[in-house]
Amino acid sequence: MIRKATLMTKPYYTLITYNLERDRWYPEFGDYDKSVVQDELHDMNQGYQGIPKRHLKIIKTDSDDQKTINTVIRQFNYR
């Protein structure tokens with residue numbers, strides 16, 4: 001019996017930041033561990049950068065492929 005291999009992809013989390021001057025969202029940081037990305041968000045909000053939370057978002061994709069990440073970010077930029 002031949003079994004089909006199922007591809008299991010691990011979710012990838014990307015912190016995106018809003019650039020007020022350019023009116024666009026950009027990728028800032030990514031990792032497979034969501035807690036690492038949450039820590040980075042916290043640091044960018046509470047640290048020297050002081051970026052407002054409304055300008056920070058975490059998105060989830062099925063891979064770390066940049067094209068995939070950009071496709072999701074594009075949805076934020078054209079709302």
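This report describes the fold, the helices, the cores and the aromatic pairs of one predicted model.

**Overall layout**

The chain holds two helices and three strands. Read from the N terminus, the order is β-β-α-β-α. The chain has 79 residues, and 27% of them count as buried. Long-range contacts are well represented: among contacts with a separation of 6 or more, 46% join residues 24 or more positions apart. The accessible surface is about 6300 Å². Carbon and sulfur atoms account for 48% of that surface.

**The two helices**

The table sets out both helices.

| Helix | Number of residues | Span, first to last C-alpha | Expected span at 1.5 Å a residue | Buried residues |
|---|---|---|---|---|
| α1 (residues 34-46) | 13 residues | 18 Å | 18 Å | Val37, Leu41, Met44 and Asn45 |
| α2 (residues 66-77) | twelve residues | 16 Å | 16 Å | Ile69, Val72, Ile73, Phe76 and Asn77 |

For α1, the span is close to the expected value. Val37, Leu41, Met44 and Asn45 are its buried residues. They cover an arc of only 100° around the axis, which puts them on the same side of α1. An α-helix has 3.6 residues a turn, so residues three or four places apart point the same way. The cover over the buried residues of α1 includes β1 (12-19), β2 (24-31) and β3 (56-61).

For α2, the span is likewise close to the expected value. Its buried residues are Ile69, Val72, Ile73, Phe76 and Asn77. Seen down the axis, they fall within an arc of 150°, so they line one face of α2. That buried set packs against β1, β2 and β3. On the face turned away from the buried side, Lys67 and Gln75 are exposed.

**Nonpolar cores**

Which residues make up the largest nonpolar core? There are eight: Tyr12, Ile16, Trp25, Ile59, Ile69, Val72, Ile73 and Phe76. Both β1 and α2 supply at least two residues each to this core. The largest share, four residues, comes from α2. Another core lies apart from it. That one has seven residues, including Tyr13, Leu15, Val37 and Met44.

Phe76 belongs to the eight-residue core. Setting aside neighbours within four places in sequence, Phe76 contacts Ile16, Trp25, Lys57 and Ile59.

**Aromatic pairs**

The count of aromatic pairs comes to three. One joins Tyr18 and Trp25: the ring centres are 5.3 Å apart and the planes stand at 55°, so the pair is tilted. Another joins Trp25 and Phe76, with centres 6.0 Å apart and planes at 55°, so this pair is tilted. It links distant parts of the chain. Trp25 sits in strand β2 and Phe76 in helix α2, 51 residues apart. Both Trp25 and Phe76 are buried. For Trp25 the relative accessible area is 9%, and the cut-off for buried is under 20%. Tyr18, Trp25 and Phe76 together form one aromatic cluster.

**Two buried threonines**

Is Thr14 buried or exposed? Thr14 lies in strand β1. Its relative accessibility is 3%, so Thr14 counts as buried. Leaving out residues up to four places away in sequence, Thr14 touches Pro27, Phe29, Gly30, Val37, Lys57, Ile58, Ile59 and Ile69. Among these, Ile59 and Ile69 belong to the eight-residue core, while Val37 is a member of the seven-residue core.

Thr61 is in strand β3. At 4% relative accessibility, Thr61 counts as buried. Which residues does Thr61 touch, not counting residues up to four places away in sequence? They are Lys10, Pro11, Tyr12, Thr68, Ile69 and Val72. Of these, Tyr12, Ile69 and Val72 are in the eight-residue core. Thr61 and Tyr13 are 48 residues apart in sequence, yet their C-alpha atoms are 6.5 Å apart in space.

Technical notes: Residues are numbered from 1 along each chain as its sequence is written. This is a predicted model: local features need pLDDT of at least 70, side-chain atom pairs count only at pLDDT 80 or more; totals for chains, interfaces and linings use all residues. Side-chain values use heavy atoms; hydrogens and water are left out. Buried means under 20% relative accessible area, exposed over 50%, partly exposed in between (1.4 Å probe, protein chains only). Contact means heavy atoms within 4.5 Å. Accessible areas come from the Shrake-Rupley method with a 1.4 Å probe; for residues, only the protein chains shown count as cover. The expected span of a helix is 1.5 Å times one less than its number of residues. The arc is that of the directions from the helix axis to the C-beta atoms. Rings of Phe, Tyr and Trp (its six-membered ring) pair if their centres lie within 6.5 Å; planes under 30 degrees apart count as stacked, over 60 as edge-to-face and the rest as tilted. A nonpolar core is a set of buried Ala, Val, Leu, Ile, Met, Phe, Trp, Tyr and Cys residues joined through side-chain atoms within 4.5 Å.
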